[in-house]
Amino acid sequence: MALRYFGKSEIESWNELQMEEELETLKSENADLRTELEILKEKLKWKEDLLVQPFLATKTYDNDDKYVGKLFNNNRNDKGVYTWAGGNKYEGDWKNDKKDGKGVITFVSGQWNGCKYEGDWKDDKKDGKGVFTWGNGDKYEGDFVDDEKTSGKIRITFKSNDFSFQAGD
């Protein structure tokens, strides 16, 4: 395919019919190039769609932690499961790479081995209604604010003594 250059004075001297003829000639000569441009546009549109819609993925981190779920702008979003290299696992809602919404975290190693929290999360912290269960079976059911148990309506169950305590409204 040869490139053709036109000077300004040459183009200005063309009448309307000559311009239309030249445009048709350029279109036919560059059909392959136009097809390649259309393909490229489709590829770019596909990439743009990835940037505006969460998509399902598996992401493994340098420390061997693993996330399986939806990503948006390379951040965890929507539903997903994050498994730490030691085996602890969070399964639930994500927003902007943080636990946010409903979710369950289960500990199988470390200082919280055998413990589990099921409930509300906000900004990567326990926040709202939830149940925290210790490894020995004792439970705290109630409200959490900013990752802390709060006063108010709570229920504490001691598994070892088969005893339950409820306080609040």
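**Strands, hairpins and three buried residues**

Setting aside neighbours within four places in sequence, Lys99 is in contact with Tyr90, Asp93, Trp94, Trp121, Lys122, Asp123, Asp124 and Lys125. This lysine sits in strand E5, which covers residues 98-106. In the predicted model, Lys99 has a relative accessibility of 10% and so counts as buried, the cut-off being under 20%.

Stepping back to the whole chain, the protein has 3 helices and 11 strands. Read from the N terminus, the order of elements is α-α-α-β-β-β-β-β-β-β-β-β-β-β. Of the 169 residues in the protein chain, 21% are buried. The chain exposes about 12,200 Å², and carbon and sulfur atoms account for 52% of that area. As for how contacts are spread along the sequence, take those between residues at least 6 apart: 5% of them join residues at least 24 apart.

Another buried charged residue turns up in a loop. Asp65 is found between strand E1 (55-60) and strand E2 (66-72). Asp65 is buried, yet it has no salt bridge. The nearest side chain of opposite charge belongs to Arg76, and that one is 7.0 Å away. What the side chain of Asp65 does reach is the backbone nitrogen of Ala85, at 2.8 Å. Ala85 also shows up among the contacts of Asp65, along with Lys59, Thr60, Tyr82, Thr83 and Trp84, once neighbours within four places in sequence are left aside.

Further along the chain, strand E8 (residues 139-145) is worth following through its pairings. With strand E7 (residues 125-133), E8 runs antiparallel, and 6 bridges join the two. Within this pair, Gly130 stands opposite Gly142 in E8. E7 and E8 make a hairpin with 5 residues between them, and in the turn Gly137 has a positive phi of about 100°.

E8 also pairs with strand E9 (residues 148-149), again in the antiparallel sense, over 2 bridges. Here Val145 stands opposite Glu148 in E9. This hairpin has 2 residues between the strands, and Asp146 takes a positive phi near 55°. Then there is strand E10 (residues 154-158), which pairs with E8 in the antiparallel sense over 3 bridges. In that pairing, Tyr140 stands opposite Ile156 in E10.

Phe144 gives a residue-level look at E8, the strand in which it is placed. With a relative accessible area of just 3%, Phe144 falls under the 20% cut-off and is therefore buried. Not counting residues up to four places away in sequence, Phe144 touches Tyr117, Lys126, Asp127, Gly128, Gly130, Val131, Phe132, Lys149 and Thr150. Among these, Gly130 is the residue that stands opposite Gly142 in the pairing with E8. The C-alpha atoms of Phe144 and Lys125 are separated by 9.0 Å, with the two residues 19 apart along the chain. Lys125 has already come up, as one of the residues in contact with Lys99.

Methods. Residues are numbered from 1 along each chain as its sequence is written. This is a predicted model: local features need pLDDT of at least 70, side-chain atom pairs count only at pLDDT 80 or more; totals for chains, interfaces and linings use all residues. Side-chain values use heavy atoms; hydrogens and water are left out. Two strands pair if DSSP finds at least two bridges between them. Helices (H or I, at least four residues) and strands (E, at least two) are DSSP runs, numbered from the N terminus. Buried means under 20% relative accessible area, exposed over 50%, partly exposed in between (1.4 Å probe, protein chains only). Contact means heavy atoms within 4.5 Å. Accessible areas come from the Shrake-Rupley method with a 1.4 Å probe; for residues, only the protein chains shown count as cover. Lys and Arg count as positive and Asp and Glu as negative; His and the chain ends are not counted. A salt bridge is a side-chain nitrogen of Lys or Arg within 4 Å of a carboxyl oxygen of Asp or Glu. A polar contact is a pair of N or O atoms within 3.5 Å; within protein, one must be able to donate a hydrogen and the other to accept it, and residues adjacent in sequence count only if both atoms are side-chain atoms.
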